[in-house]
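Biologist: I am new to this structure and would love a guided look at it. Could you take one part slowly and then show me what lies around it?

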Amino acid sequence: MTVTPLGLTRPASATDALLRRLVARVPGSSGATWKLTEVYTGETLVELPQSTPTDIERAFAEARAAQRKWAATPLKQRLGVFKRAHTLFVDNARTTTDLIQVESGKNRRMAIEETCDPAMVMSHYLKRAAKLLAPTKRGGPVPLLTTSTEIRQPKGVVGIIAPWNFPFATGISDAVPALMAGNAVVLKPDNKTALSPLYGVQLLEEAGLPKGLFQVVCGEGPDVGPTLIDQADYVMFTGSTATGRVIGERAGRNLIGCCLELGGKNPMIVLEDADIAEAAQGAIFGAFGNTGQICMHIERIYLPESRYDEFKNAFVAKTEALDVRAAYDFGPDMGSLISPDHLRRVKAHVDDAVENGATVLCGGKPRPDLGPAFFEPTILEGVTKDMLCGVTETFGPVVALHKYRTIDEAIALANDTDYGLNASVWGRDADAARAVAARIESGNVNINDILATAYAAKGTPSGGVKTSGVGARHGDQGLLKYTDVKNLAVLKKQVMGPRPGQAYEKYVEGMLSGLKLMRKWRIR
């Protein structure tokens, strides 16, 4: 148990020995390191090795060798690893929570919820993988005499680039279906949050995942990203739209597939008949959950004029009552931002809004007395598209309130963005809320919820539209994207062409008549 400079007691499980053991997994032949810090205090926890391009190439070579054996392993045995892993992940959730908190500064409530995501993904695909990966026999062009079988094969080695806001959930959950499908994985977590995904890899190996199959490399994106993409057979990325464009372009040049979950400027529409108390409480999580550092969190709230003040008063009161502080227990409602650098970005957005006429209803300031990266939960009104936070993703505990007169106006305002990742609609009339949701340009829309209902529905694909991404995680698509399709076609009798001595015109007549009959009999 370690007492930090601010008097915090660091979790007992986040021992120096465990941290050193985890980072020892990271190749770093140059000797260069990154000072991985405890966010609450700024104190260095461990020196994280930085991988060179040669280290990354070697990691891919080892992963590729392991992948050939893994792909040849019967699917039942592969899935057995994840049955055991599910138990290990749940049993060790508190240790994982400690690591997530130490490296990210999020409050403990959010950290423990993050630990549940890989277990939920494992549980879903343990039910679906066998069916999805089984050969599927389909009809061929000539009934009875031809067949076509869809065979799913692993792509090879999947490169995953995970963000700092949910390092364990994205780093491990995105890898699970790739591994189940028979691939190897090379993961690049963010330098700031490498500990929890490294621990996840350790747990997977304890469950029986072959060593070398899941590699972790570390470094700054521009230093390691190009080599990782060039070595990969498929890339999964979660992060900013700007970086997603760069990754997508390079993947395209390499003629490999990619899945990109990118930024958002997510709206919440409160309808006239909404339960204001429930909507205001939902907005607390929507705006300030994970200190506003959730890809699907809410940054814009649209309210009917008739209920604007009612919502504003309730929302401001709930926000001002939030318990914001550094603690390794379940007390605080909100924790820290990820770093002082990110705090400066959030502060710049708020300062720009105020300078250009916006009003701060509550919050709006850093809290260095709480820690080096704490920022108050902030509500603004009067935000316009001339302001940074009016159009650009702030990715912090900052939300703007807006009035609308008609539903059409609210929908137009919600859609007036280049992004389309998530949206939220609140109202008592479920049919009316669904009608509004249907008109919102977004990959995910939640009714009377912010994001959890959509994201936790592992059976349904989740992704973005517009500049919020390409492809999706979860659902059948979330596993099948990590496979290539082989079409195995069989012709049982040589009937594809005219018979010997048959005039071609006669053959054409028969062929066209056959097409009509097959359509009539619904054979093809």
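Is asparagine 290 buried or exposed, and what is its relative accessible area? Please start there and then carry on through the pockets and strands.

Modeller: Happy to, and please keep in mind that this is a predicted model. Asparagine 290 is buried, because its relative accessible area is 3%, and buried means under 20%. You will find asparagine 290 in the loop between α11 and β13 (298–304). Its backbone deserves a look too: phi of asparagine 290 is near 55 degrees, a positive value in a residue other than glycine. As background, most residues other than glycine have a negative phi.

Another asparagine makes a helpful companion. Asparagine 448 also has a positive phi, near 55 degrees, and belongs to the loop between β18 (444–447) and α17. Asparagine 448 is partly exposed, with a relative accessible area of 36%. For one more loop residue, turn to leucine 421, between α15 (407–415) and β17 (422–426). Leucine 421 is buried, at a relative accessible area of 1%. From leucine 421 to serine 173 there are 248 residues in sequence, and the C-alpha atoms are 19 Å apart in space.

Now to the pockets, where some of these elements come back. The second largest pocket has a volume of about 530 Å³. Lining this pocket are 26 residues, and the closest to its centre are Asp117, Phe166, Leu451, Ala452 and Tyr455. Two or more lining residues come from each of α5 (108–133), α6 (167–173), α11 (276–288) and α17 (452–455). Here you meet again α11, which comes before the loop of asparagine 290, and α17, which comes after the loop of asparagine 448. The biggest contribution to the second largest pocket is from α5, with six residues. By class, the lining of the second largest pocket divides into 15 nonpolar, four polar and seven charged residues.

The largest pocket has a volume of about 1,000 Å³. There are 40 residues in its lining, and those closest to the centre are Trp164, Phe237, Gly239, Ser240 and Thr243. At least two lining residues each come from α9 (221–231), β10 (234–238), α10 (241–253) and α13 (340–355). Of these, α10 provides the largest share, six residues. The lining of the largest pocket is made up of 17 nonpolar, 15 polar and eight charged residues.

Strand β10 leads us from that pocket to a sheet. Follow the order β9-β8-β7-β10-β11-β19 and you have traced an open sheet of six strands with mixed pairing. Its edge strands are β9 (214–216) and β19 (469–470), each pairing on one side only. The partner of β19 is β11 (residues 257–261), and these two pair in the antiparallel sense over two bridges. Within that pair, leucine 260 stands opposite valine 470 in β19.

A further set of strands centres on β6, which spans residues 146–154 and holds arginine 152. On one side of the story is strand β5 (residues 136–139), which pairs with β6 in the antiparallel sense over four bridges. For a landmark in this pairing, look for threonine 136 opposite glutamate 150 in β6. The two strands form a hairpin with six residues between them, and in the turn leucine 144 has a positive phi of about 75 degrees. Strand β6 also runs antiparallel to β20 (residues 483–491), joined by nine bridges. There, proline 154 has threonine 483 in β20 as its bridge partner.

Arginine 152 ties these pieces together nicely. The side chain of arginine 152 makes a polar contact of 3.1 Å with the side chain of glutamate 150. Another polar contact, of 3.0 Å, joins the side chains of arginine 152 and threonine 483. Leaving aside residues up to four places away in sequence, arginine 152 touches Leu132, Leu133, Leu480, Thr483, Asp484 and Val485. So that you can picture a strand like this, a general point helps: in a regular strand the side chains alternate between the two faces of the sheet.

How values were computed: Residues numbered from 1 in each chain as written. Predicted model: local features only at pLDDT ≥ 70, side-chain atom pairs only at ≥ 80, totals over all residues. Heavy atoms only, no water. 1 Å grid on protein atoms, 1.4 Å probe; cavity = no way out; pocket = protein on both sides within 12 Å on 5 of 7 lines; lining within 4 Å. Points joined across faces, edges and corners; volume = space filled by probe spheres on them. Nonpolar A, V, L, I, M, F, W, Y, C, P; charged D, E, K, R; others polar. Polar contact = N/O pair within 3.5 Å; in protein donor to acceptor, adjacent residues only side chain to side chain. Contact = heavy atoms within 4.5 Å. Pairing = 2+ DSSP bridges. Buried < 20%, exposed > 50% of the residue type's maximum accessible area, 1.4 Å probe, protein only.
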